[in-house]
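Please look through the sequence and the structure shown below before reading on. The paragraphs that follow take up a few places in turn, so that you can find each of them for yourself.

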Amino acid sequence: MNVFSYRDGKMFQQLSEKIIPFLASSIERLGRKFRFMEVCGTHTVSFSKTGIRELLAPYVELISGPGCPVCVTDQSDMDHMIAYAREKDVIVTTFGDMMKVPGSVSTLSRERADGADVRIVYSADDAVETAKQNCNRQVVFLGVGFETTAPGIALAIQKASRERCRNFFVYSAHKLTPPAVQTLIQDAEHQIDGFLLPGHVSVMIGRKGWMFLADKHPAVIGGFEPIDLLTSIYFLARNVISGKTDIMNLYSRFVREEGNPKALDILKKTFQIIPVQWRGFGEIDNSGLAIGSSYNSYDAARMIPIQKPKTKTAKGCRCGEIVKGKEKPFQCKLFGRACTPEKPLGPCMVSSEGACSTYYYFEKDKELVNT
Ligand code: SF4
């Protein structure tokens, strides 16, 4: 099957005619709806954009998880970057989605409007080029992302090292997804029946990277097309009903058992695994990637010490609870009123993969169905 087959309307219709009655009869046996977490922000968007969240709503409560890297970046990391932007000799480089994320006192976007040198780049490589063109200034790249993004940034650090580019630095706020899921399954309050695991991260870490879930929770590695979404939910439901706690790989067109060993090796050579702060979760053991000793002269946090303001989040913002799947965007009193994509108060409304922005664009007229 090619990617277009996974969007085939007729096939989707035929599948849903089989799957929806199965879900209906299963929840009768269960006595309640299924509760599945879509860990990945891309899944959150896909379920809403395709209308599948609404189609499944009578049978399945879909809970958004900690899979949007912008959303889980801790407020103190944003404060760190904003403090860099205020330094005269520093050029801050970042992906565009970080520009409007609120720090405690400002945003990178506001700092730029006030005269700071903050530049949007499309890759970490571009940031290395910026450094080469501005030898008398320090160029700091904000490294935000999961296992999918980090290898590209590792390669940029290695390139800077090879080319003896000494004014390029990375502020590494990279995170590893499995430790966050592990934290969720240890939380007795949660009652999640199963996990739809992130397809992109799984390309890197493989099915093997999720084996800690085996024997504990049904989990499916799934793709992002309508037929992927529907079949993932079907297999999760089927496994809940039959008591199977397998890690099923339904995205085998891209995900291998071992993942991508080459990319994992690049990560291993460049970074070291450390405990880091996640928005909402606090510190999670072994969940962050700091720049390792071979490349520590490229580590902004080590090489450019900086004073930052006392960290505080926007009053009333529920992003911390939303990324843990404990609350839905509609439960935030600011949603769609004081907080909109034009004037976001928290990262979940800034990021195009954030739950708040997704619900704002695709779900807000269906509030009653989804709460
Ligand atoms: S709606 Fe805005 S303020 Fe509320 S949780 Fe979402 S991002 Fe935070």
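A residue is called exposed if its relative accessible area is over 50%, buried if it is under 20%, and partly exposed in between. With these cut-offs in hand, and keeping in mind that this is a predicted model, we can begin with Asp215, which is found in the loop between helix H10 (199-205) and strand E9 (219-221). Asp215 has a relative accessible area of 70%, and therefore it is exposed.

The backbone of Asp215 also deserves attention, and here a general remark helps. Most residues other than glycine have a negative phi. Phi of Asp215, however, is near 70°, which is a positive value in a residue that is not glycine. Arg164 can be read in a similar way, for it too is not a glycine and has a positive phi, of about 50°. Where does Arg164 lie? Arg164 belongs to the loop between H8 and strand E6 (168-172), and because its relative accessibility is 64%, it counts as exposed.

From this loop we can step back into helix H8 itself, which covers residues 150-162 and holds Lys159. Is Lys159 buried or exposed? Its relative accessible area is 15%, so Lys159 is buried. Once its neighbours within four places in sequence are left aside, the residues in contact with Lys159 are Asp125 and Glu129. Gly41, by contrast, is 118 residues away from Lys159 in sequence, and the distance in space between the two, from C-alpha to C-alpha, is 30 Å.

Strands offer another way into the structure, and a general point comes before the examples. Strands of a sheet pair through backbone hydrogen bonds, and the pairing is either parallel or antiparallel. Strand E1 (residues 34-40) and strand E2 run parallel, and 6 bridges join them. One place to look for this pairing is Phe34, whose bridge partner in E2 is Val60. Why can E2 be described as largely enclosed by the rest of the structure? E2 spans residues 60-67, and 7 of its 8 residues are buried, which is the reason for that description.

An antiparallel arrangement can be followed in an open sheet of 3 strands, whose order is E7-E12-E11. Strand E7 (174-175) and strand E11 (271-278) are the edge strands, since each of them pairs on one side only. Between E7 and strand E12 (residues 282-291) there are 2 bridges, and Lys175 stands opposite Gly288 in E12. Between E11 and E12, which run antiparallel, there are 7 bridges, and here Ile273 is placed opposite Leu289 of E12. E11 and E12 form a hairpin with 3 residues between the strands, and in this hairpin Gly280 takes a positive phi near 85°.

Two further elements show what burial looks like in a helix and in a strand. In helix H9 (residues 177-185), 7 of the 9 residues are buried, so this helix is largely enclosed by the rest of the structure. The buried residues of H9 are Thr177, Pro178, Pro179, Ala180, Val181, Leu184 and Ile185. Thr94, which is found in strand E3 (residues 90-94), has a relative accessible area of 0% and is therefore buried. Which residues are in contact with Thr94, leaving aside its neighbours within four places in sequence? They are Met99, Leu108, Val118, Arg119, Ile120, Val121, Phe141 and Leu142.

The last stop is the ligand, which sits in the largest cavity. The residues that surround the ligand are Cys317, Arg318, Cys319, Ile322, Cys332, Leu334, Phe335, Cys339, Gly346, Met349 and Cys356. When this shell is sorted by class, there are 9 nonpolar, 1 polar and 1 charged residues.

Pro344 can be taken together with this shell, for the residues in contact with Pro344, apart from its neighbours within four places in sequence, are Lys100, Pro102, Cys339, Met349 and Val350, and both Cys339 and Met349 are among those that surround the ligand. Pro344 itself is located in the loop between helix H14 (319-322) and helix H15 (347-350). Because its relative accessible area is 14%, Pro344 is buried. Lys208, finally, is 136 residues away from Pro344 along the chain, and their C-alpha atoms are separated by 37 Å.

How values were computed: Residues numbered from 1 in each chain as written. Predicted model: local features only at pLDDT ≥ 70, side-chain atom pairs only at ≥ 80, totals over all residues. Heavy atoms only, no water. Helix = DSSP H or I, 4+ residues; strand = E, 2+ residues; numbered from the N terminus. Buried < 20%, exposed > 50% of the residue type's maximum accessible area, 1.4 Å probe, protein only. Contact = heavy atoms within 4.5 Å. Near = heavy atom within 4 Å. 1 Å grid on protein atoms, 1.4 Å probe; cavity = no way out; pocket = protein on both sides within 12 Å on 5 of 7 lines; lining within 4 Å. Sits in = over half its atoms within 2 Å of the grid points. Nonpolar A, V, L, I, M, F, W, Y, C, P; charged D, E, K, R; others polar. Pairing = 2+ DSSP bridges.
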